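Please find below a colleague's note on the structure, arranged as numbered points. It is meant to be read with the sequence and the coordinates open alongside.

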Number of protein chains: 4
Amino acid sequence: MKTINVTVWSEYPHGQSRDDHKKAYPNGLHEVIKDFLEKNKGLNVKVALFDEPSIGLSDEVLDNTDVLIWWAHVRHGQVTDEIVAKIKNKVLCGMGLILLHSAHFSKVFSAVIGTSGRLNWREASEKQRIWTTCPSHPIAKGIPETFVLEEEEMYGEYFDIPRPDDVVFMGWFEGGNVLRSGVTFTRGAGKVFYFQPGHETHKTFYNKHIQKIITNAVFWAAPDFWFKDISATHEKLPYEIIKEK
Amino acid sequence: MKTINVTVWSEYPHGQSRDDHKKAYPNGLHEVIKDFLEKNKGLNVKVALFDEPSIGLSDEVLDNTDVLIWWAHVRHGQVTDEIVAKIKNKVLCGMGLILLHSAHFSKVFSAVIGTSGRLNWREASEKQRIWTTCPSHPIAKGIPETFVLEEEEMYGEYFDIPRPDDVVFMGWFEGGNVLRSGVTFTRGAGKVFYFQPGHETHKTFYNKHIQKIITNAVFWAAPDFWFKDISATHEKLPYEIIKEK
Amino acid sequence: MKTINVTVWSEYPHGQSRDDHKKAYPNGLHEVIKDFLEKNKGLNVKVALFDEPSIGLSDEVLDNTDVLIWWAHVRHGQVTDEIVAKIKNKVLCGMGLILLHSAHFSKVFSAVIGTSGRLNWREASEKQRIWTTCPSHPIAKGIPETFVLEEEEMYGEYFDIPRPDDVVFMGWFEGGNVLRSGVTFTRGAGKVFYFQPGHETHKTFYNKHIQKIITNAVFWAAPDFWFKDISATHEKLPYEIIKEK
Amino acid sequence: MKTINVTVWSEYPHGQSRDDHKKAYPNGLHEVIKDFLEKNKGLNVKVALFDEPSIGLSDEVLDNTDVLIWWAHVRHGQVTDEIVAKIKNKVLCGMGLILLHSAHFSKVFSAVIGTSGRLNWREASEKQRIWTTCPSHPIAKGIPETFVLEEEEMYGEYFDIPRPDDVVFMGWFEGGNVLRSGVTFTRGAGKVFYFQPGHETHKTFYNKHIQKIITNAVFWAAPDFWFKDISATHEKLPYEIIKEK
């Protein structure tokens, strides 16, 4: 089995100044994600952080990433257009992309998906029930028909996304809202998964089902196929086609 | 403006022996649907009932139908395969099809959509909140972001449907369930809309938003284009193409 | 690695009375398909033929099939509705289905896909060029950007199918036609692949790219997940959901 | 009938220095497009050109555009990211977008669609045959099953696009290539149509079928619904939803 190189990117230490975030994730939620992923044979997991040089995503790091996990919240505007273009090109060439929670409003989301990612929102620590709406999908492997998160931030419809490939999960919130909570897209050779749960003050990333979903998504998004450079200008076709005329 | 011929088909008088159905719809719910549709200029609405000859759907009736509305509940098994094949062929040729509520389990649904239509279910007269998840869709015209039905039967995920063209509405139930409540499909030249609300003991079809949605769906599903006979065996291409070789 | 049970179904000995078919496939094309599939570790391949009892597809055979390959041509009408319903139910529960060539006009195709499968047609032994239009798809693994079949029957657009999940291959014909030649669908838990090449008088199934595509499709369509019985009537939800209300 | 405001944007006078372009379109191809569109009641057509201030697309122009037609070729890199972001936001809010020919490689295409738009290419003035692959689509209204352009530039698969909503047209080239030539996408409330024919040295835009397709596309893409500002940060929900909890 080929090793899959996973890079977990986070805005850390944003939020660490807030007691409620520190309480939920003393070392940042990226460390929790790294920890449960690393338990899987075949995954080589590294962390990249906003405050590192090149926001942790140098060419070398990106060139050694098969699947990029993106947890972002309030610093979307500080990510440069250059790095966004580089990530988008990598996705089109084959790199898997897993967008978590507030990443729906990141520049990367909009550049790759094509829409705004706009949704309704309420920070109310309310109960969310998640339903598996595509039980045969690899990302749903081992996930029950439904499970509960006792506390999440509410993200609800209307969610501005194009028709997804699959709606793997849907969310129900006790306050009266619903969301297409787990949706997949294909862009070039790259597989993309957006997954809504994961507010920084709730213990979501300790939930075993959430961990299983993200783990499944990593294996699903890992590329079998890479384009060399999809953004290169189009080229004349090889001779054997031209001569057919 | 061309007149649109609408046929409202129902299992009536099924259920009329039950007091709760008679209370909600003294003359059958099809009459309520006919009434609100008829208020629209350009719609010519007729009713067809299970207990009529050919279950109300003779060749002549079908040949004069632009949009067929199908409300069914417990007599699915009594609809013959012949009439199902005829309806399916008409849809592929262009006839619009609006499947209401329990029609998810009808033979027509499975033949046209291709799946079982299986879903979870609970008869509990509970509150349903509907969300508009595709606000720019013609079927959502004039519908608010969200509205409430005080009492509905619960239909919930997992709903066995293929990837729909659009998820126009999603449903939230107070008991903890969600559903892709309003979904569209294209089959041949025909447009198909499945819409979940409409239990026979609840006053759903009197709700102004429900009426508007079904009315919108009729105008959306009305065909501009008809195939002559899509099921006819394939034909040799006309001469001008063949000679190109 | 789990063994995948593959059943190759064919109309054989239809066509064997014709010299041109016997010349291309002395023992029937199903034997050629069986032969190249069997070279793959992990595939357990059996043949089922129209002229066997229950057209070769008893309950026992179907219950031991992970992926069904369907090559049919002119005897579509003789396949009973009962066996079609049984196959459809198996697909919805998870069985993979690979529909080859004239299977576009089979009852199984229409029941599972939902449309007529109508297309244009010309029997002219003309050159077909196939293009890979989804190079990152598992079915396209190892397939070049384009390759040629020196002789095929022409199947061309308009092809009456719903929006496919993916158009993996497109076909160009020297006579001036095009086709979405390799298309995928999801129905319930089942994966479906329709692939156009494979006329009984041409040597298509000896082509190494065609063999690779069908082999890839078998591995892709093999189920990881089965529903117990998707067509069973819907059931009341378990208690823990109901009590939430 | 509401008037539809159409803005035809072009790189003109690029190419006008070349004799072959001047020969085909003495005043630029945008003038030909404007002319045939203007013959339709209900269309108010204006031209915007690259060499005008703000490349012809000031806020005032965009605010008065219902459908934007984009013909671009070699100056993609000179369009600023600011104008691209503005156009994308307008599309998400509802503005129709029709991308012609080399616009597949424009910044607008990639920002809205999400992929690179990469395709194969050969400038060979070869014959193209176009097939209508979705005859019931409004853009195909009045278009025959197939028609020929005697001379076009070859654009062929693999075409790097996400799964389109509909493949309305497919192209066959005498040199052996195929393309999904006319494809639709939905992004936010905006409808998008990419259409491949239209090289500046060929008389494509004088073809009556091409004119009809672009005209149909304008009526199809004209918005019935606008979001106020889809890119605005998400907002707390109104009180009546929150209190439900």
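The points that follow take up one chain as a whole, then a helix, then individual residues in loops and strands.

1. The model is a predicted one, and local features are discussed only where pLDDT is at least 70. The values below should be read with that in mind.

2. Chain A contains seven helices and nine strands, and its C-alpha trace spans about 65 × 40 × 35 Å along the principal axes. For its 245 residues a compact globule would have a radius of gyration near 18 Å, and the 18 Å found for chain A agrees with that expectation. Of these 245 residues, 66% count as buried, and among contacts between residues at least 6 apart in sequence, 72% join residues at least 24 apart.

3. As to the surface of chain A, about 8800 Å² is exposed, with carbon and sulfur atoms supplying 50% of that area. The chain carries 29 positive and 32 negative charges, and the mean positions of the two sets are 4 Å apart.

4. Helix α4 of chain B, residues 81-93, has 13 residues and should span 18 Å at 1.5 Å a residue, which agrees with the 18 Å between its end C-alpha atoms. Its buried residues are I83(B), V84(B), I87(B), K88(B), K90(B), V91(B), L92(B) and C93(B). In general, residues three or four places apart in an α-helix point the same way, because there are 3.6 residues a turn. Just after α4(B), G94(B) takes a positive phi of about 145°.

5. In chain D, K90(D) is placed in helix α4, residues 81-93. Is this lysine, K90(D), buried or exposed? With a relative accessible area of 15%, K90(D) is buried, because the cut-off for that class is under 20%. Leaving out residues up to four places away in sequence, K90(D) touches L62(D), D63(D), T65(D), M95(D) and W226(D).

6. F50(A) sits in the loop between β2 (43-49) and α3 (59-63) of chain A, and at 8% relative accessibility it counts as buried. Not counting residues up to four places away in sequence, F50(A) touches W9(A), S10(A), E11(A), Y12(A), I55(A), R75(A), Q78(A) and V79(A). For one of these, Q78(A), which is 28 residues from F50(A) along the chain, the two C-alpha atoms are separated by 9.4 Å.

7. The loop between β2 (43-49) and α3 (59-63) of chain D holds I55(D), whose phi is near 40°, a positive value in a residue other than glycine. I55(D) is also buried, with a relative accessible area of 13%. A reviewer may wish to look at S125(D) as well, since it has a positive phi of about 45° although it is not a glycine. S125(D) lies in strand β5, residues 120-132, of chain D, and is partly exposed at 34% relative accessible area.

8. The loop between β6 (146-156) and β7 (166-173) of chain C includes I161(C), which is buried with a relative accessible area of 8%. Apart from neighbours within four places in sequence, I161(C) is in contact with F109(C), T115(C), R180(C), V183(C) and F185(C). The C-alpha atoms of I161(C) and F109(C) are separated by 9.9 Å, with their positions 52 residues apart along the chain.

9. Which residues does a cis peptide bond join in chain C? They are E157(C) and Y158(C), with omega about 10°, and Y158(C) lies in the loop between β6 and β7. In chain D, a cis peptide bond joins E157(D) and Y158(D), with omega about 5°, and Y158(D) is placed in the loop between β6 (146-156) and β7 (166-173) of that chain.

Notes
Residues numbered from 1 in each chain as written. Chains lettered and ligands numbered in written order. Predicted model: local features only at pLDDT ≥ 70, side-chain atom pairs only at ≥ 80, totals over all residues. Heavy atoms only, no water. Helix = DSSP H or I, 4+ residues; strand = E, 2+ residues; numbered from the N terminus. Expected span 1.5 Å × (residues − 1). Buried < 20%, exposed > 50% of the residue type's maximum accessible area, 1.4 Å probe, protein only. Contact = heavy atoms within 4.5 Å. Rg over C-alpha atoms; globule rule 2.2 N^0.38 Å. Areas by Shrake-Rupley, 256 points an atom, 1.4 Å probe, with all protein chains shown as cover. Lys, Arg positive; Asp, Glu negative; His and termini not counted. Charge placed at Lys NZ, Arg CZ, Asp CG, Glu CD.
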